[in-house]
Amino acid sequence: LFSLLISHVSQIFVELHGNNRSASNEALCLEILSMLRRCFSQQSEVRTCLYQGLLDVFVDNPKLQVPILELLVNHLKMYCASDLSELPPILYANCLKEGPGGPVQVTEPVDVLLRSVILCYLKYQEDVGEDNECESVRKVFQLLKSLALSMCKLEPADVGLSKDVSTVSNSTVGSKSVAMATLVMKSCDVLMEFVYGVGEFSQQSSDQIVHLHTVRQEVGTMAQDQGTGVAGSKRTAGRVPQSLRPQAAPFQSCLSVQGTASLLKGIYNDTLPVRQPGLGVLRKSLQFCQYLLGTSCQQMNALVETGQCCGMQVTELSKLNKVFCVFGRAYFKQLELLSLPGSQPESSKGKSPGSLCVDGLAVVVQLACNADEEGRRDLLFPIVSSGDVAPDSVSEVSLYLIRKLQRLINGIISDPPEVLGLTIKDAISMATIILNLSHLLDEVEEVAEIIKWSHEVCKETKRDDINFCKGFLGLLFGLCQRYDQNIRMLRKICYNVRALIGDIDEEVEIQPKNNLSVITSRTVTPCCLTLVLHQLDLIVDDVEWFVSRLKVGSPESQPYSLNTTADTDLEGMFDSLCKERLTMIIHCFHELIQTAIAPGSIADHLVKLLIRLYGTFKELTKYVMCMLNTCGGEPDMAYMKMVELTGTHLNPQIYAFISYLQTVQVHAHEPQGGGQGKKGKGKPLAPSNIKKNTHKELVNIPKLIFAIEEYEKFLIKVGKKAKIDLMKTFKRSTARDFKINISTVTAKLAEEMDDE
């Protein structure tokens with residue numbers, strides 16, 4: 001296909017299978033470049049692809065560097081002012097087109113064009129050197145230098161942005177202003193990269209970078225004000241309702257990923273004395289550091305979610321890891337600066353630098369947790385590597401990071417806060433980072449220390465915050481789950497949940513014991529209760545697997561035989577299952593089914609868990625029945641105690657809980673008062689709504705009753721086989737009596753007739 005294309009579009013003879021075809025191929029490439037000039041008149045999307053593609057060819061083919069650079073620069077000059085000292089030096093108005101009655105369109109992506117020219121020049125300078133530049137390339141340098149100097153002097157009014165102009169983005173004038181401002185901001189981004197590339201943190205280049213960033217910020221702020229109808233007089237701006245004003249989204253930076261990494265590396269890691277005056281200028285600009293950190297977070301999220309950003313592909317794994325290492329090191333250094341005593345961060349718009357660093361560090365840690373051992377070393381070691389810290393393993397680095405984050409969290413939640421520039425939301429994000437890093441620890445004692453610390457935070461921090469409760473209680477559950485300690489803690493939490501929500505019997509009052517301070521009457525439902533049910537869901541999953549493992553047995557033994565060493569281990573598993581896990585689970589559900597949980601998704605989740613639990617009881621009882629058929633004798637004592645506990649702590653309370661749910665739903669469907677008060681109050685629900693609200697109950701409660709009866713059926717069989725009464729603690733309840741009670745129906749009808 002390529003040969004056919006060449007034969008039609010090229011008049012150059014090319015010997016595809018010869019040995020000496022370098023000159024002819026170079027001539028062919030030059031002719032293709034001349035043909036690509038036709039694409040300069042195509043749509044904006046086509047031009048964007050062209051500029052990015054030419055940049056890729058420039059990097060891969062050194063012989064075509066000068067022709068490509070000349071091609072791009074000649075096209076760029078068409079959109080530059082004849083006198084580059086004019087403001088603006090780029091004719092942004094020529095890059096836009098006003099559609100008939102439609103929005104303003106960008107016909108020339110001059111920001112992408114300028115970015116390609118700058119990156120091509122920097123790549124050429126890196127390969128050839130400044131001393132070996134040809135005359136045409138020197139002219140490119142002068143052009144870009146003049147553009148940068150002029151853009152440093154740009155004012156918002158030079159591009160039609162002013163506080164006196166009352167426009168909104170849905171008008172033609174406002175749309176054009178916002179589009180032009182976007183091009184100006186992206187031009188400032190790529191020019192900052194050019195100034196850094198040729199100046200290497202000299203004081204003059206650092207001053208220019210700060211000036212370009214200031215221009216970017218002023219133009220962006222003005223564009224956002226006009227885009228949301230804020231600019232202009234209050235009288236004019238008030239004509240647009242707040243609900244109808246478009247929300248101003250933050251403008252995306254046009255810096256390359258490598259450029260962002262180089263700037264961050266210089267600001268946070270460079271210690272060369274000759275560069276310190278220039279780097280000091282950048283470090284003093286809080287807004288510029290905030291801009292760089294925010295840009296790095298955006299680029300990292302784009303690489304993770306879409307696989308590409310600003311010309312970098314995820315396939316370049318080595319380059320990607322180096323960039324993420326620089327980002328992670330910068331985030332960690334900034335957080336260390338905040339933890340220093342006496343640090344007073346300046347107030348700024350948008351997310352603070354500390355919050356941006358926490359978000360970025362969370363992404364880096366998540367990537368490290370998903371990588372292999374070598375990838376974890378590549379990502380985590382550079383973050384903490386310094387003269388006094390030399391990590392030997394991933395576990396050591398993880399523990400070092402966890403302890404740093406623990407100190408920051410303690411400073412945030414202290415009263416008054418000891419760490420400024422970070423919020424409770426950042427503390428919650430750091431808790432997630434600690435949970436991820438805990439999976440990389442090797443020593444159980446280290447995890448035990450973190451569990452103890454997280455328990456102290458949950459116990460002593462008195463904060464009525466749902467998100468805080470969810471974050472740190474989730475951290476505690478996640479840590480305990482890994483080392484099988486959460487089931488004991490859950491029993492205490494379930495008791496406190498019942499004490500805070502209330503008992504299904506209103507006359508019963510329960511006093512909380514050893515209550516965690518993060519669990520309050522506001523956070524207990526649905527936040528805490530949802531987390532508890534999720535943990536019970538995971539525990540029931542483990543128990544189901546455990547029971548299936550018991551039923552299958554080891555491959556070397558006969559099913560349900562107790563004559564081999566392997567099955568002796570299974571007997572120990574069975575004893576441990578009944579004594580510890582199932583007993584504790586029964587106590588947890590004993591508290592929850594006596595809790596006054598409102599009908600809804602949480603109650604439905606609880607009922608489904610009870611169905612699964614009784615299904616597990618049934619399978620375990622079938623396993624015991626098979627063992628009795630094979631070996632005879634009596635059931636294990638631990639199993640008999642577990643059965644007794646289900647009869648005393650679960651069955652009666654389940655029937656009471658079902659009656660409670662039915663009663664609450666009936667009262668919810670009845671009129672609340674005589675029709676006075678708020679709109680809709682006092683009116684019964686429509687039949688369709690009643691049917692919708694009771695559908696889940698009609699499905700799940702009969703399933704629960706059936707699961708209980710199936711379990712009891714096999715208990716009776718086991719009892720007959722072993723000649724033991726296993727049903728002595730079980731009592732039949734009226735909740736499972738589904739026959740129609742004539743006297744109750746008659747009394748209800750008589751009551752309704754009296755009301756009429």
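**Aromatic pairs, nonpolar core and backbone exceptions**

In the predicted model considered here, phenylalanine 194 is buried, with a relative accessible area of 2%. The ring of this residue takes part in one of the 14 aromatic pairs counted in the structure. A pair of aromatic rings is described by the distance of the centres and the angle of the planes. For phenylalanine 141 and phenylalanine 194 these values come to 6.2 Å centre to centre and 55° between the planes, and the pair is classed as tilted. Because phenylalanine 141 belongs to helix α6 (residues 135-152) and phenylalanine 194 to helix α7 (residues 172-199), the pair ties together parts that are 53 residues apart in sequence.

Another pair is made by phenylalanine 617 and tyrosine 711, whose ring centres are 5.4 Å apart and whose planes stand at 40°, so that this pair, too, is tilted. Phenylalanine 617 lies in helix α23 (residues 601-631), whereas tyrosine 711 lies in helix α25 (residues 687-722), and the pair therefore ties together parts that are 94 residues apart in sequence. Phenylalanine 617 and tyrosine 711 are both buried, and ring pairs link them with Tyr614 and Phe730 into a cluster. Aromatic rings are also met by charged side chains: the charged end of lysine 717 sits over the ring of phenylalanine 714, 5.0 Å from its centre, while arginine 581 lies over the face of phenylalanine 546, at 5.9 Å from the ring centre.

Over the chain as a whole, the secondary structure comes to 26 helices and 4 strands. Of the 756 residues, 47% count as buried, and the accessible surface comes to about 38,800 Å², of which 53% belongs to carbon and sulfur atoms. Among the contacts with a separation of 6 or more, 72% are accounted for by residues 24 or more positions apart.

The largest nonpolar core has 220 residues, and those with the most contacts inside it are Phe472, Leu473, Ile493 and Leu620. Helix α23 gives the most to this core, with 16 residues; the same helix also holds phenylalanine 617 of the tilted pair described above. When neighbours within four places in sequence are left aside, leucine 473 is in contact with Cys458, Phe468, Ile493, Leu516, Ile519, Cys528 and Leu531.

A further set of contacts is centred on leucine 533, a residue of helix α21 (residues 524-552). Leucine 533 counts as buried because its relative accessibility, at 2%, falls under the 20% cut-off. Not counting residues up to four places away in sequence, leucine 533 touches Leu592, Ile602, His605, Leu606 and Leu609. For one of these partners, leucine 606, the C-alpha atom is separated from that of leucine 533 by 7.1 Å, although the two residues are 73 residues apart along the chain.

A search of the whole structure finds 0 disulfides. Cysteine 289 is in no disulfide, and the nearest cysteine sulfur, that of cysteine 357, is 9.7 Å away; because a disulfide requires the sulfur atoms to be within 2.5 Å, this distance does not qualify. Cysteine 289 counts as buried at 9% relative accessibility, and cysteine 369 likewise counts as buried, at 18% relative accessibility.

The backbone geometry includes several exceptions to common behaviour. Most residues other than glycine have a negative phi, and most peptide bonds are trans. The peptide bond from leucine 87 to proline 88 is nevertheless cis, with omega near -5°, and proline 88 lies in the loop between α4 (65-77) and β1 (96-98). A cis peptide bond also joins threonine 525 and proline 526, with omega about 5°; in contrast to the loop position of proline 88, proline 526 has its place in helix α21, the helix that also contains leucine 533.

Positive phi values are found in glutamate 200, at about 50°, and in phenylalanine 201, near 65°, neither of which is a glycine. Glutamate 200 has its place in the loop between α7 and α8 (203-227), and phenylalanine 201 is found in that loop as well. Phenylalanine 201 is buried, with a relative accessible area of 4%.

Key. Residues numbered from 1 in each chain as written. Predicted model: local features only at pLDDT ≥ 70, side-chain atom pairs only at ≥ 80, totals over all residues. Heavy atoms only, no water. Buried < 20%, exposed > 50% of the residue type's maximum accessible area, 1.4 Å probe, protein only. Helix = DSSP H or I, 4+ residues; strand = E, 2+ residues; numbered from the N terminus. Contact = heavy atoms within 4.5 Å. Areas by Shrake-Rupley, 256 points an atom, 1.4 Å probe, with all protein chains shown as cover. Phe/Tyr/Trp six-rings, centres within 6.5 Å; stacked < 30°, edge-to-face > 60°. Lys NZ or Arg CZ within 6 Å of the ring centre and 35° of its normal. Core = buried A, V, L, I, M, F, W, Y, C linked by side-chain atoms within 4.5 Å.
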